[in-house]
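User: I have a structure to study, and I want to know what stands behind the words used for it. Can you take me through some of them?

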Amino acid sequence: MTNSNIKTFLFSLFSGARINLIGQLFGSEVFALLFLPYKKIFSFFRIYPFKQLTIPYLFFIIALIISDIFINNTGVDNFLRGWASVIFSLIQLIFLFTLFTKSENNYNIFLISSAISFFIFRPEMNSEFVLEGNDFKVYYMAGVNYLILFIGYYLGKKKAMYVFVLFFSYSLFCMIADARSNGVVYFFTGLLLIIKMKKIKLTKDKLVMIFLLILIIGYCSYIIYVNSVLKGEIGGSNAQQLKSLNNPYNPIELIVTGRKEALFPIYPIKDHFVFGLGSWAEDNSGKYIKLYNSMNDGQPRESKLIPAHSIFFATWLWSGILGVISVVLIYFRAFKMAFTLYTKTNKRILILIIPLLFDQIWNFFFSPMGHMRISSPFFLAITAIEFYKYIKYDKKTSL
């Protein structure tokens, strides 16, 4: 094994270990901080995709400093945890970028080592495993995802149809196991892989037709899923949300109902539009928590922390306009790079990039801020590396 292979293995292996410092640090973050090639960092800014993704991080950090120190007088514990989320996301992105430039085999090492780490350090179950509940999602899904990607990437060397079958089968399993969003990710990944298998030349007209076709297939599949839940054939606690909807066949209503904590920050953002409320925004007046409790039928929220299960809205809530513009630039530039790779290339790496793309789109809008440091660095690094290879080969310098 080369030096970069060993570093990739150890970095990923420590990713599940947690250290109670500045809230909570991951072992991989400490490893990256210790072994980051600091002397070479500035040379990477000559690489277009790297520069496009990392510079907005710096503006995001500046936005947090302004909001925390000069506007909101945020408590030390909160602003340190908030800054750590962004800084360690950036550190991991840079570290993985340096490793992935050394060897494409590091992708495989990262995936299998991350899976091992997850199962070593995953939280213990306090009860018997129940398939149609949150058990798979909480205790197994992240590790299994790494294994599915590892196996899929390997099978891509053999025959693309094997990957399609694997992803579709896993998608169906996730729907049964009440991991809906993960199931949707691999369902749509399978559809896009079919298109690449047919080697269709993707013109703008064809892309529009494909988009409409995927929407139709996706909605028809959603109807089948809803009918199965309403008949009691599949579904756990998450699936039971469908029975409380006025129209369970409206997926928008399901998202609004099931992701209240992702959309709720809209209310405080309207009052603190420019600078936000600072890292780990707290409602000291009680105004927003009272509003949240009035909208929620469950257990009343007693914490002052304003719920914000969305990277997009949490960024705006924490750091205002400058912060949200920065994070939009980071993610949407990466999304555009990934989309370009899908439409312009036919490489095996798409087996990894497509599901990671869908996963990060979902996380950007509907997952907590922690995903920016947990799942995003791998997607951002692998996309930047592969896009760099693409523009270098085709002599292109801009998106």
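**Reading the labels**

Analyst: Start with a pocket. The second largest pocket holds about 470 Å³ of space. Its lining counts 23 residues, and those closest to its centre are Trp 280, Pro 368, Met 369, Gly 370 and His 371. Keep in mind that this is a predicted model.

User: Which helices each supply at least two residues of that lining?

Analyst: Three are named: H5 (76–102), H16 (311–344) and H18 (371–374). The largest share comes from H18, with 3 residues.

User: How do you know the classes of residue in the lining of the second largest pocket?

Analyst: Sort the lining by residue type. That gives 13 nonpolar, 6 polar and 4 charged residues. Gly counts as polar here, and Gly 370 is one of the residues closest to the centre of the second largest pocket.

User: What makes H5 and H6 oblique to each other?

Analyst: Look at the angle. The axes of H5 and H6 (residues 105–121) cross at roughly 130 degrees and come within 7 Å. Roughly perpendicular covers 65 to 115 degrees, and roughly antiparallel needs over 145. The crossing of roughly 130 degrees fits neither, so the pair is oblique.

User: Which residues make the contact of H5 and H6?

Analyst: H5 brings Leu 96, Leu 99, Phe 100 and Lys 102, while H6 brings Asn 106, Tyr 107 and Phe 110. By class they are 5 nonpolar, 1 polar and 1 charged.

User: Why is H4 called roughly antiparallel to H5?

Analyst: H4 (residues 48–71) packs on H5 at an angle of about 170 degrees, with the axes 10 Å apart. The cut-off is over 145 degrees, so H4 counts as roughly antiparallel to H5. Among the contact residues are Phe 50, Leu 53 and Tyr 57 of H4, and Phe 79, Gly 82 and Trp 83 of H5. The contact of H4 with H5 has 17 nonpolar, 3 polar and 1 charged residues.

User: What is the angle between H8 and H17?

Analyst: H8 (residues 141–155) and H17 (residues 350–366) pack at about 145 degrees, their axes 9 Å apart. H8 gives Leu 149, Gly 152 and Tyr 153 to the contact, and H17 gives Ile 351, Leu 352, Pro 355 and Leu 356. This contact has 6 nonpolar, 1 polar and no charged residues.

User: Why is the pair of Arg 301 and Glu 261 called a salt bridge?

Analyst: The N to O distance between their side chains is 3.8 Å. The limit is within 4 Å, so the pair qualifies. The structure holds 6 salt bridges.

User: What does the pair of Arg 301 and Glu 261 tie together?

Analyst: Arg 301 lies in the loop between H15 (287–295) and H16, and Glu 261 lies in H13 (residues 260–263), so the pair ties together parts 40 residues apart in sequence.

Notes:
Residues are numbered from 1 along each chain as its sequence is written. This is a predicted model: local features need pLDDT of at least 70, side-chain atom pairs count only at pLDDT 80 or more; totals for chains, interfaces and linings use all residues. Side-chain values use heavy atoms; hydrogens and water are left out. On a 1 Å grid over the protein atoms alone, a cavity is a set of points where a 1.4 Å probe fits but cannot get out, and a pocket is an open set with protein on both sides within 12 Å along at least five of seven lines; lining residues have an atom within 4 Å of a point. Grid points are joined across faces, edges and corners, and a volume is the space filled by probe spheres set on the points. Helices (H or I, at least four residues) and strands (E, at least two) are DSSP runs, numbered from the N terminus. Axes are lines fitted to C-alpha atoms, for helices over the stretch in contact, and angles run from 0 to 180 degrees between N-to-C directions. Angles under 35 degrees count as roughly parallel, over 145 as roughly antiparallel, 65 to 115 as roughly perpendicular and the rest as oblique. Contact means heavy atoms within 4.5 Å.
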